[in-house]
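Student: I'd like to look closely at one part of this model. Could you walk me through it slowly?

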Amino acid sequence: MRSGVEELSSLKRQIAEGVDASATARQKAKGKLTARERIDLLLDEDSFHEVGQLRRHRATGFGLEAKRPHTDGVITGWGTVDGRTVFVYAHDFRIFGGALGEAHAAKIHKIMDMAIAAGAPLVSLNDGAGARIQEGVSALAGYGGIFQRNTAASGVIPQISVMLGPCAGGAAYSPALTDFVFMVRHTSQMFITGPDVVKAVTGEDITHNGLGGADVHAATSGVAHFAYDDEQSCLAEVRYLLSMLPQNNRQEPPRTSGTDPTDRASQVLLDLVPADGNRPYDMGKVIEEIVDDGEYLQVHEHFARNVICALTRLDGQVVGIVANQPQVLAGVLDIEASEKAARFVQMCDAFNIPLVTLLDVPGFLPGVGQEHGGIIRHGAKLLYAYCDATVPRISLILRKAYGGAYIVMDSQSIGADLTYAWPTNEIAVMGAEGAAGVVFRRQIAEADDPEAMRQKMVKEYKAELMHPYYAAERGLVDDVIDPADTRAVLIDSLAMLRTKHADLPSRKHGNPPQ
């Protein structure tokens, strides 16, 4: 027995060190960590329990029978992050370039099944060369099993994909099915067809990073939610994100006890938001004044910057904030902003995270490109997401709330539990200038001084239909509040809504716009 234990210890030590020192050196030369180093950074110290360490493939042909390293190029297991269970799998690029074969896939399938059964988050550390060509269709079937499990786990447990190397072809669809995608600049890329194929088919010459690098997917395609300069900061932010998510859809997000007073008034807000609706300001600074300690985590920060989606805390309770950003395109909703916010609302609803919506929206972005691009169906995605959400929902109108965009951004008419407004609110079908030109068109045209008449009608329209209390008088706003009291009002309202229960109609699933 003792000799057997010594042999086992020696074998596991060799596996942990890696089969090829030169492969480790090549990995380091690229500025990349090894799979085990990444797991150590992600999880609490000495908490990792490996599963399938001794697994080896059984494929033959093309020299595979002579090369059967343990782990088969993927490390799987579970550990803890801040004391809470997390399942993880990490591709080991030093073995077969992290390529997926039958045994490799079986290990991933098992750990995904374990995560779903245990009701705990799953983090994938991706650094692989796609399917193992030598194993043919068996490798492709392995990807199918991963995709099926990604879908089964969607909305049940948090799934986080961390891109730390190449991810090409069908392999890129697994991250796309998960809740959050992290990427590291310069070392990670994602694309369906690589630069060589693109050049051969279209004649376009582009680099790997130019085609599918971190900044491209974070700012242009929207595939990546977060992008970082190095693996250490990336994995640290994964840990931070996990601290704001529940273990599964049956639990609440972890609550903390902070030192930021719940009744802290913010007089800064009185001067931060201009009363003139045409003047921009930074909505991020408004959020900082309201939330605990001014801290929040932006999701998709560099994509569709005219809307902010962020996870933060109010009195220690995790909340999701959706807010128009007047600094970018005046805060209008367009195709990308609608998709970004819709996805975020659905994620929050799936994982029991209350929603706070901050409105300052002049409408949907007009233009031929938007209409031909499908702004109707894309805007409907956000509308559907809000209407379908059963978590506590509070909306706050800071300034403008015009037309269909006002309805879509969680108005009371689509189910917001509570709607508040600041004294600067303007809720209307459209802005006073445009409305007066339509409603009083004949009077303006027939006037001796059309411009003077137009200005008069604008003032009349504002006085009649856009004064701060118009919506409150009609029950569409529950209260007009002092901006300085916003934090306290939101915290008290969320406390009341904590036990909210809402049932949806019995159905297999909805058919949301795509």
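Student: How many residues does helix H10 have, and what distance does it reach from its first C-alpha to its last?

Tutor: Happy to help! Keep in mind that this is a predicted model. Helix H10 covers residues 231-242, which gives 12 residues. From the first C-alpha to the last, H10 reaches 17 Å, close to the 16 Å expected at 1.5 Å a residue.

Now look at the side chains of H10. Glu231, Cys234, Leu235, Val238, Arg239, Leu241 and Leu242 are buried. Seen down the axis of H10, these buried residues fall within an arc of 165 degrees, so they line one face of the helix. A general rule helps here: an α-helix has 3.6 residues a turn, so residues three or four places apart point the same way.

For comparison, try helix H17, residues 432-439. Here Ala432, Ala435 and Ala436 are buried. Down the axis of H17, the buried residues fall within an arc of 100 degrees, so they too line one face of their helix. Among what covers them are helix H18 (441-446) and helix H19 (450-465).

Finally, see how two helices can meet. The axes of H4 (residues 102-118) and H5 (residues 137-153) come within 9 Å and cross at roughly 10 degrees. Because angles under 35 degrees count as roughly parallel, H4 is roughly parallel to H5. On the H4 side, the contact includes Ala105, Ile108 and Met112, while H5 contributes residues including Gly142, Ile146 and Arg149. By class, this contact has 6 nonpolar, 5 polar and 3 charged residues.

Key
Residues numbered from 1 in each chain as written. Predicted model: local features only at pLDDT ≥ 70, side-chain atom pairs only at ≥ 80, totals over all residues. Heavy atoms only, no water. Axes fitted to C-alpha atoms, helices over the stretch in contact; angles between N-to-C directions. Helix = DSSP H or I, 4+ residues; strand = E, 2+ residues; numbered from the N terminus. Parallel < 35°, antiparallel > 145°, perpendicular 65-115°, else oblique. Contact = heavy atoms within 4.5 Å. Nonpolar A, V, L, I, M, F, W, Y, C, P; charged D, E, K, R; others polar. Buried < 20%, exposed > 50% of the residue type's maximum accessible area, 1.4 Å probe, protein only. Arc of directions from axis to C-beta. Expected span 1.5 Å × (residues − 1).
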